[in-house]
Amino acid sequence: MPKKPFRVGMIGYGFMGRAHSNAYRQVGQFFPSNHQVVLKAACARNKDAIQAFADQWGYESIETDWRKLVERPDIDAVDICTPNNLHCEIALAAAANKKMILCEKPLAMNAEEGRKMVQAVEAAGVANIVWYNYRRVPAVTLAKQLVAEGRLGKIFHYRAKFLQDWTISPELPQGGNGLWRLDAAVAGSGVSGDLLAHCIDTAVWLNGRMSNVCAMTETFIKERKHQETGQVQKVTIDDACTFFGTFENGSLANFESTRYARGHKALYTLEINGENASIAWDLHDLQRLQYFDHRTESKLRGWSSIHVTDSDHPYMGKWWVPGLAVGYDTSFTHQVADFLEGIEQGNPAGPTFRDAMDTQVVLDAILTSAKSKQWVNVDKA
Ligand SMILES: NC(=O)c1ccc[n+]([C@@H]2O[C@H](COP(=O)([O-])OP(=O)(O)OC[C@H]3O[C@@H](n4cnc5c(N)ncnc54)[C@H](O)[C@@H]3O)[C@@H](O)[C@H]2O)c1
């Protein structure tokens, strides 16, 4: 049987452009399906730069205007790897052209934009997914299985943090290439949309929706030179954000994120404490899941460190032999594999745009709470 082509048009060639391209090239080797990924076109504004990227990764063609890319009849799926302020506009245009859409996180600048995106993909009837890739780190997927099997019992606590240290220097400009994350007009928010979005997505996936939040944010460096205009401008992103909250299942949330935690580069950790058991995970040791089961005979009871590399662990049967780990990059490969399986079986892989709204409404609530210094109820997605 000839395979059905899955012709990708990628917009943006930065960090995520590379991560996704790597996944598209890898997926057919390790997760064969009825689809054959074809790297059809890569798009960015700088012609020489995108041509070099296309040559390096094997894209057949380039575009310098994303509007042209989303209209091309030889593209089946549009992959949005641009800064956050372009996600909505590109997604609406791609949906209007009946393209499948794989969109980077956060889905949108805010919930209002996100709702328009959900409406557009659902009206067009096109498959869609958001790249909350941490769901598909095998140890995190195993955590999902353990929770779904009810092993933890009633959940009391969910805590997560995502710590970095790369914006401490006041000399660092904001805006433009590589530094758009510091410019709220382009990023939408600071660490909340960039880092906490991941923590919240994993949390709502593992532990259900959130009901309310109480947040504080801080902008430690008040003014920075804008890289594009050269003007010194007010910084309006959140440099750090801490929040509490409750989940609909009654458990308590405790989240923290900052880019001012000297020594930490990408420390994403999560821990869930249930009546019978607890689990913990750490991105710096991503192939391990820590598990404590209180029902174990007391003299043997203790935290176990599960090396998530055995063939019956999620995704691992498709990789190497037991004991050999896979890395960060494969979470994207797993996402493409699941997306293709979803469209083949008519059972869409998540998080769809609609699923990602659960995170988007929490993000809006956090910023509203921090501004008003009040508890805020999380809106319906
Ligand atoms: N899933 C994850 O773990 C993860 C990690 C990093 C970033 N992200 C998300 O991915 C997205 C991109 O982040 P990044 O780190 O790759 O950024 P980046 O700055 O490395 O790359 C952004 C790319 O967008 C391109 N671009 C900007 N404006 C464009 C336009 N008008 N037309 C075409 N291309 C344009 C740039 O040329 C660049 O190649 C963001 O939404 C970010 O939040 C997700």
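This section describes strand pairing, selected buried residues and the ligand surroundings in a predicted model.

The description begins with the strands towards the N terminus. Strand E1 comprises residues 4–11 and pairs with strand E2 in the parallel sense, with eight bridges between them. Within this pairing, lysine 4 has histidine 35 of E2 as its bridge partner. The connection between the two strands involves helix H1 (residues 15–30), and E1, H1 and E2 together form a right-handed β-α-β unit. Strand E2 spans residues 35–43, and eight of its nine residues are buried, so the strand is largely enclosed by the rest of the structure.

Strand E2 also pairs with strand E3 (residues 61–63), again in the parallel sense, over three bridges. Here alanine 41 stands opposite serine 61 of E3. A right-handed β-α-β unit is made by E2, helix H2 (residues 47–57) and E3. Strand E2 thus has a parallel pairing with E1 and a parallel pairing with E3.

Strand E1 has a further parallel pairing, with strand E4, over four bridges. In that pairing, glycine 9 is matched with valine 78 as its bridge partner in E4. Strand E4 is in turn joined by four bridges to strand E5 (residues 100–103), and these two strands run parallel. Aspartate 79 stands opposite leucine 102 of E5. From E4 the chain passes through helix H4 (residues 87–96) to E5, in a β-α-β crossover that is right-handed.

The side chains of E4 merit separate description. In a regular strand, side chains alternate between the two faces of the sheet. In E4 (residues 77–80), Ala77 and Asp79 point one way, while Val78 and Ile80 point the other way. All four of these residues are buried. Threonine 82 lies in the loop between E4 and H4. With a relative accessibility of 11%, threonine 82 falls below the 20% limit and therefore counts as buried. Beyond its neighbours within four places in sequence, threonine 82 is in contact with Ile11, Gly12, His87 and Ile90.

A second group of strands forms an open sheet. This sheet has nine strands in the order E16-E15-E14-E13-E7-E12-E11-E8-E17, and its pairing is mixed. Its edges are formed by strand E16 (304–307) and strand E17 (376–377), each of which pairs on one side only. Strand E11 (residues 240–247) and strand E12 (residues 252–258) pair in the antiparallel sense over seven bridges. Glycine 245 stands opposite alanine 253 of E12 in this pairing.

Two buried charged residues were examined individually. Aspartate 201 is located in helix H8 (residues 191–207). Its relative accessible area is 1%, and aspartate 201 is therefore classed as buried, under the 20% limit. The side chain of aspartate 201 makes a polar contact of 2.9 Å with the side chain of arginine 135. When residues up to four places away in sequence are not counted, aspartate 201 touches Tyr132, Arg135, Pro351 and Thr359.

Arginine 224 belongs to strand E9 (residues 223–225). Arginine 224 is likewise buried, with a relative accessible area of 2%. A polar atom of the arginine 224 side chain lies 2.8 Å from the backbone oxygen of threonine 167. Not counting residues up to four places away in sequence, arginine 224 touches a set of residues including Thr167, Ser169, Pro170, Leu172, Gln231 and Tyr260. Leucine 172 is separated from arginine 224 by 52 residues in sequence, while their C-alpha atoms are 7.1 Å apart in space.

The ligand is surrounded by 24 residues, of which Tyr13, Met16, Asn84, Lys105 and Trp180 are the closest. Asparagine 84 places a polar side-chain atom 2.6 Å from an oxygen atom of the ligand. A ligand nitrogen atom is 3.2 Å from an N or O atom in the side chain of arginine 45. The backbone of tryptophan 131 has a polar atom 3.1 Å from a nitrogen atom of the ligand. Taken alone, the ligand exposes 840 Å², and the protein buries 90% of that area.

Definitions and conventions. Residues numbered from 1 in each chain as written. Predicted model: local features only at pLDDT ≥ 70, side-chain atom pairs only at ≥ 80, totals over all residues. Heavy atoms only, no water. Buried < 20%, exposed > 50% of the residue type's maximum accessible area, 1.4 Å probe, protein only. Pairing = 2+ DSSP bridges. Right-handed = clockwise from strand over helix to strand, strands pointing away. Polar contact = N/O pair within 3.5 Å; in protein donor to acceptor, adjacent residues only side chain to side chain. Contact = heavy atoms within 4.5 Å. Near = heavy atom within 4 Å. Areas by Shrake-Rupley, 256 points an atom, 1.4 Å probe, with all protein chains shown as cover.
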